[in-house]
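Morning, everyone. Please bring up the model on your screens, and we'll walk through it together.

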Amino acid sequence: LPKPTCARSVPQLTQLLSMAAEKVTSLGKDWHRPCLRCEKCNKTLTSGGHAEHDGKPYCNHPCYAALFGPKGFGRGGAESHTFK
């Protein structure tokens, strides 16, 4: 079986390939399942179950909402999450 190419450059790619050889497609690219992670918190994401900003995947809450959503109290539901 051909191994999927991945949009994320990972040093331990052979280790990840042995963990999960299945490919997921998201953001118009192919990923190894463990490689599709939030750019901010590193949480593993599902294909189609996340947000995108500048071609990078983010979990919807709290990361995308806190980083790119509306600002101010009572806006966007991520008031308690701030990132520096």
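Tyr-64 is partly exposed, at 26% relative accessibility. Keep in mind that this is a predicted model. Where does Tyr-64 sit relative to Phe-68 in helix H2? The two are 4 residues apart in that helix, so about one helical turn separates them. Phe-68 is partly exposed as well, with a relative accessible area of 31%. Now the rings. The centres of Tyr-64 and Phe-68 are 5.3 Å apart. Their planes meet at 50°, so this pair is tilted.

How many aromatic pairs does the structure hold? There are 2. The other one joins Tyr-58 and Phe-68, with ring centres 5.2 Å apart. Here the planes are at 75°. Edge-to-face means over 60 degrees, so that is what we call this pair. Look at where the partners come from. Tyr-58 is in strand S4, residues 56-58. Phe-68 belongs to helix H2, residues 60-68. The pair therefore ties together parts that lie 10 residues apart in sequence. Tyr-58 is buried, at 10% relative accessibility. Put the rings together, and Tyr-58, Tyr-64 and Phe-68 make one aromatic cluster.

Stay on helix H2 for a moment. Pro-62 is in this helix. The peptide bond between His-61 and Pro-62 is cis, with omega about 5°. As background, most peptide bonds are trans. That one deserves a look on screen.

Next, the cysteines. A disulfide is a covalent bond between the sulfur atoms of two cysteines. How many disulfides does the count come to here? The count is 0. The cut-off is 2.5 Å between sulfur atoms. Take Cys-38. The nearest cysteine sulfur belongs to Cys-63, 3.7 Å away, and Cys-38 is in no disulfide. Cys-38 is buried, with 1% relative accessible area. Then Cys-63. The nearest cysteine sulfur to Cys-63 is that of Cys-59, at 3.5 Å. Cys-63 is in no disulfide either. Cys-63 is also buried, at 1% relative accessibility.

On to the strands. In a regular strand the side chains alternate between the two faces of the sheet. See how that reads in strand S1, residues 23-26. Which residues are on the covered face of S1? Val-24 and Ser-26 are. Lys-23 and Thr-25 make up the uncovered face. S1 runs antiparallel to strand S2, residues 29-32, and 4 bridges join the two. Across that pairing, Val-24 stands opposite Trp-31 in S2.

Now the turn of that hairpin. There are 2 residues between S1 and S2. Leu-27 lies in this loop. Its phi is positive, near 55°, and the residue is not glycine. Most residues other than glycine have a negative phi. Leu-27 is partly exposed, with a relative accessible area of 30%.

One more backbone angle. Asp-54 also has a phi near 55°, again positive in a residue other than glycine. Where is Asp-54 placed? Asp-54 is in the loop between strand S3, residues 51-53, and S4. Is Asp-54 buried or exposed? Exposed, at 66% relative accessibility.

To wrap up, three places to revisit on screen. Go to the cluster of Tyr-58, Tyr-64 and Phe-68. Go to the cis bond joining His-61 and Pro-62. And go to Leu-27, with its positive phi in the hairpin of S1 and S2. Thanks, that's me done.

Conventions: Residues are numbered from 1 along each chain as its sequence is written. This is a predicted model: local features need pLDDT of at least 70, side-chain atom pairs count only at pLDDT 80 or more; totals for chains, interfaces and linings use all residues. Side-chain values use heavy atoms; hydrogens and water are left out. Rings of Phe, Tyr and Trp (its six-membered ring) pair if their centres lie within 6.5 Å; planes under 30 degrees apart count as stacked, over 60 as edge-to-face and the rest as tilted. Buried means under 20% relative accessible area, exposed over 50%, partly exposed in between (1.4 Å probe, protein chains only). Two strands pair if DSSP finds at least two bridges between them.
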